Amino acid sequence: MRTLVGALALAAACAGGTAAAQQVPVEEVVLDNGMTLLLLPRPGDPNVAAGWVAKVGSVYERPGITGVAHLFEHMMFKGTAAIGTRNIEQDLQIIAQLDEVKAALRVEEAALLEAERLGRIEDAGDPAHRTERHQALMDRFEALLAQQGDLLIKEDFSRIYSGQGASGMNAGTSYDFTLYFVNVPANKLELWFWMESDRLLNPVFREFYAERDVVHEERRLRIDSTPIGRFQEQFEALFWQSSPYGWPVVGWPSDLEGITRGEALAFFDLYYAPNNLAAALVGDFDPAEAKALAERYFGRLPRGDRLPPQPRTREMPQVSEKRMLAYAETNPQVVVRYHSVPDGHVDEPALVVLGQLLNDRTGRLYRALVEEEGVATRASGGQSGFKFEGMFELRGTAAEGHAPEEVEQALYAEMERLKTEPVDPRELQKVKNQNAASTFRQLQGNFFLMYSLLMRDAYRGWETINSDPPLYEAVTADDIMRVANTYFEPENRAVAVYYRKASDEAPDPRLAGLDPEEQEQIRQMQAMIGQLNAEQIGQFIERFEQMSSQAPPENQDMVAVVLELLRERRAAAEGDGR
Amino acid sequence: MMLLRRQPTGRAACAAGLLALGVLPPGATAGAQTIPAHPADLAYELLDFTPPAASDHRHELSNGIVVFAVEDHELPLVTVAVTVRTGAHLDPPDKIGLAGLTGSQMRAGGTATMSAAEFDEEAAFLAAQIGSSIGATSGGASMNCLTRDLDACLDLFFDMLRNPGFDEERLALAKRQAIQQMERRNDATGSIERREWQRLMRGDAHFSTLPRTRSSVESITRDDLVAFHREYYHPGNFIFAVSGDVDTAGILAELERRFDGWAAGTGPVPPVPAPDFTPSPGLYLVDKPDVNQGRVAIGHLGTTRDNPDRYKLLVMNDILGGGGFSARLLTRVRSDEGLAYSASSNFGLGVHYDGVFQAGFQSRSETVARAAAIVLEEIERIRREPVTEEELRNSIAYFVETFSRNFSSAASTAGLFAGDEHTGRDPSYLATYRDNIAAVTAEDVLDAARRYLDPEALAILVVGNLDAILAGDPERPEFSLETLRPGGAVRIPLPDPFTMEYPAP
């Protein structure tokens, strides 16, 4: 406790300059089995933010078992030999029987899936296609589940925690890591050690197949039933050619259906060994007590007998621009993505600062696209460095009457400026001042600090919380110009253009009088018009003016609308002075 | 004070007792070195937490403004927040959206002496976080800055509060953005569900459901914003909450100085109107053919925050569906049946008028009816039989032991006090809260469930692919929405997103 207050007081006293070098005095302990423990006592309310991270996420998967890291995260809440069951022996027997029946069922399912694949049946899940044996196996499976149901204590893990005042218990899976967290009252620290070490030491992956249905629902919630979820998923797969960042964390549905309990167990043995884990405590606790508890509880976990394998497949260098045109229930918008660098690359600080220059109310994109040119209602961008790859993304939502392609061109214009004009010193200083303040702000909440330490530890080590800020502080205008000229070439990008899907009423009043087919043509032309330069626009206007005098009466309306769009675009192009 | 907890048992309890008394020297806790077979056998030291009292932090300036100050010098950061007696309930009927725009444009539109761009630049260069907004029943503004920049940030903050510039161009942009946002009203099933549920519970005439429309937003002028601000933003309507690295006496003197010459306005702010509406039970359907998951809301009116039964209701709802993974709804719908990723309930304790009891979930179209049947069954069950001792104990422990989280930062403590001052809540409830929760019995929960949950009064709203939802699950044909709510359903069409006019059914 004293360490932190002292360090912060010191930092505050030295904060007269622009950058206060804030140090977070974490105590790091490595247990004999290789597990890392990060301790940060803080004064305040009698609670401890507690968590641990497994250095594994969806990029450690392979085709066939995509989604296993996330499914596994769900399984970690299903209990242990001591938690979640009334009779562990019977429970384990039933689990083994369930696995056997499931293996037999797979043979039946494979036949139906083949029939579906060959187009002989429409839906392999339709009960009408099942053989008698298939149905019997399913009935047997259900009967075993019912038998097991009598033994289970549902959500026991969660109930034990919440009954002791622990709150916010949950976990999250990302591309690169899986993080488990909870807030415990200060006097319940031992409970946390008990619960977390028990589920690492004695996990029982019961209710495996029911939990898969829950994950399917999560997928429907987050991807299938959101206006653009399915398009975003497609864009990820388009952007990444060979890298495992291309598949969704939640997994492909066919893999989710197929993953076996055995595959999940093998995954656990490799990646949940203590030498691949780090835990963190932030809040009101005594570090000496925490260390003793860690040795007693986490010290029980046996070290993994081999190092967990790392993803091997790197992204192929992109050789030509990729584009996706999407008609979705959303406002017209554009996403432009470049391959850049992973977390911690020497160019990352400059790319991050470059992103900060673009963002926020006083950032370049909002100023130019939203306020000055009026082509967009929102615009933002920034660097995302994952563990093994990275990307730089620009986004903008088109203002009414503007095509997403206009937004796209305006985004490029801003990037061109960064390539050719050095950044104004005050503008750069503004970003650095914000970074300096955020070194303090990130300490305001224990939960976020715990999360941030663990996430950093899964990437390059928790120390980056102290060693990264000076790197951002050191970024110069030259650095920014250099990275701007390195990563933002057309052949290195993928572009997603979203148009509003045609609905019953045309949202654009100018299109109201046209039939649906014409509206569709106009929308496609709008896309094209957005990419024209001033000279081309002039030529098109000339041609359409001629057409309008010659067009048959039934096409007059459409020609008039196109002309209006072209003239608007010309006015906009002249207005922006570029 | 003594907290409720699972009583320690046996040898471990003895060791813990000795530890708590400081009898055992460090290292002599040999008995505690063994790991108990089950966490129920763990023993815990007592947790001594006394909440801070609002009265210890409450101050009044000479003009009557109440200021709550909570010092915390760990980090060189200061937060100043103000709650304002105003709200969207004061929107003129033909200018719905005025309050919201006034709140946001105070921050976006510069001041009398600084252009919008200058104000933004200055705040950004100081790395100050300054915000302003007006919600349904209150307004608010806040700033957070490094201690060393406090003076400069207070200059900006008070300039914004007192002399907002309401820049014309920024206003025009905000109006365009608001109108463009309207276009998304029918895109996500979640927004459709929230909107239609509000309408089912509050009717179409209450301020909480009056929609912004293209014409209402277009009609709002800079003069309207100026007048709205002048009417409500004056010292008589402010409650301040200051927290962080400040000296209380110093910041009070500083605020005193900055209010000098700013007269308190006249007349009280009109009260928040209660809805004059009784929801109609029944089944309501909204078709959204493109999605494969249906969203369901089930409920009726709740009660108010001041109801003496509130503690019983908190525990009752926690066990039914409020308590996360271990609540009955999630256990049944998610863990037992795998029918949803989330399922929960909330028993609304309204501040100004009755809140809403709402249970809900999302499930794939085929299983919507089956999951809804489970929710209805659980609502019936909690009215029929007492909750178990374990459920009651766990729920009470949860409320009691998480209570200290309300005071997890100086800013949240000061904000809690300011909120109570604004809504006229006697802060003494904080001192008795844990005892009141701990006194709830299984009979109380049963009684609360019987009196405040009414299966006959439930409205059920379903948003999703209706063809698939009504067809149900071929494997479980016994479940259908029609059997759950016989007597026909009301189909709600999607409105024009700009006029919010609903086509005739």
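**Exercise 1. Find the surroundings of B:Tyr341.** In this predicted model, which residues does B:Tyr341 touch, not counting residues up to four places away in sequence?

*Solution.* Start with the chain A side: B:Tyr341 touches A:His74, A:Val214, A:Glu217, A:Glu218, A:Leu221 and A:Arg222, among others. Then turn to chain B, where the contacts include B:Leu330, B:Arg334 and B:Gln362. Next, place the residue in the fold: B:Tyr341 sits in the loop that links α12 (328–336) to β10 of chain B. Finally, compare sequence with space: B:Tyr341 and B:Phe361 are 20 residues apart in sequence, and their C-alpha atoms are 7.9 Å apart.

**Exercise 2. Trace the sheet that contains β10(B).** In what order do the strands of this open sheet of chain B come, and which strands are at the edges?

*Solution.* Begin with the order: the 6 strands run β10-β12-β8-β13-β7-β14 in chain B, with mixed pairing. Now look at the ends, where β10 (343–347) and β14 (489–491) of chain B each pair on one side only. From one strand to the next, the twist averages 20°.

Zoom in on the β10 end. Strand β12 (residues 356–364) of chain B pairs with β10(B) in the antiparallel sense, over 5 bridges. Two of the partnerships are easy to pick out: B:Ser344 is bridged to B:Gly360 of β12(B), and B:Ser345 has B:Ala359 of β12(B) as its bridge partner.

Now ask which face of β10(B) is covered and which is uncovered. B:Ala343, B:Ser345 and B:Phe347 make up the covered face, while B:Ser344 and B:Asn346 are on the uncovered one.

To finish, add a helix from the other chain: α7 (residues 208–224) of chain A lies across β8 (293–301) and β12 of chain B. Relative to β12(B), helix α7 of chain A runs at about 105°.

**Exercise 3. Work through another sheet of chain B.** What is the strand order in the open sheet that includes β1 and β4 of chain B, and why is one side of each of these two strands left without a neighbour?

*Solution.* Read off the order: β1-β2-β6-β3-β5-β4 of chain B, 6 strands with mixed pairing. Then count partners at the edges: β1 (58–60) and β4 (129–134) of chain B each have a single partner strand, so one side of each has no neighbour in the sheet. The average twist between successive strands is 15°.

For one pairing inside this sheet, take strand β2 (residues 66–71) and strand β6 (residues 238–244) of chain B: they run parallel and are joined by 6 bridges. At one of these positions, B:Glu71 has B:Gly244 of β6(B) as its partner.

**Exercise 4. Describe how α13(A) packs on α14(A).** At what angle do these helices pack, how far apart are their axes, and which residues meet?

*Solution.* First, recall the usual description: two packed helices are characterised by the angle and the distance between their axes. Helix α13 (residues 364–372) and helix α14 (residues 404–420) of chain A pack at about 140°, with axes 10 Å apart. Angles over 145 degrees count as roughly antiparallel, and α13(A) and α14(A) are therefore classed as oblique to each other. The crossing is right-handed.

Now list the contact. From α13(A) come A:Arg364, A:Leu365, A:Ala368 and A:Leu369. They meet A:Val407, A:Ala410, A:Leu411, A:Glu414, A:Arg417 and A:Leu418 of α14(A). Sorted by class, the contact has 7 nonpolar, 3 charged and no polar residues.

**Exercise 5. Follow the buried residues of α10(A).** Which residues of this helix are buried, and which elements do they pack against?

*Solution.* In helix α10 (residues 261–271) of chain A, the buried residues are A:Arg261, A:Ala264, A:Phe267, A:Phe268, A:Leu270 and A:Tyr271. Their packing partners in chain A include two strands, β3 (47–54) and β6 (277–283). Helices α2 (68–75), α3 (88–117), α6 (189–201) and α7 of chain A are also among them. For the wider setting, chain A has 21 helices and 11 strands, and 58% of its 578 residues count as buried.

**Exercise 6. Check a positive phi.** Where does B:Phe166 lie, and is this residue buried or exposed?

*Solution.* Phi of B:Phe166 is positive, about 50°, although this residue is not a glycine. B:Phe166 belongs to the loop between α5 (150–162) and α6 (168–182) of chain B. The cut-off for buried is under 20% relative accessible area, so B:Phe166, at 2% relative accessibility, counts as buried.

Definitions and conventions
Residues numbered from 1 in each chain as written. Chains lettered and ligands numbered in written order. Predicted model: local features only at pLDDT ≥ 70, side-chain atom pairs only at ≥ 80, totals over all residues. Heavy atoms only, no water. Pairing = 2+ DSSP bridges. Helix = DSSP H or I, 4+ residues; strand = E, 2+ residues; numbered from the N terminus. Axes fitted to C-alpha atoms, helices over the stretch in contact; angles between N-to-C directions. Contact = heavy atoms within 4.5 Å. Buried < 20%, exposed > 50% of the residue type's maximum accessible area, 1.4 Å probe, protein only. Parallel < 35°, antiparallel > 145°, perpendicular 65-115°, else oblique. Left-handed = near helix turned anticlockwise from the far one by under 90°. Nonpolar A, V, L, I, M, F, W, Y, C, P; charged D, E, K, R; others polar.
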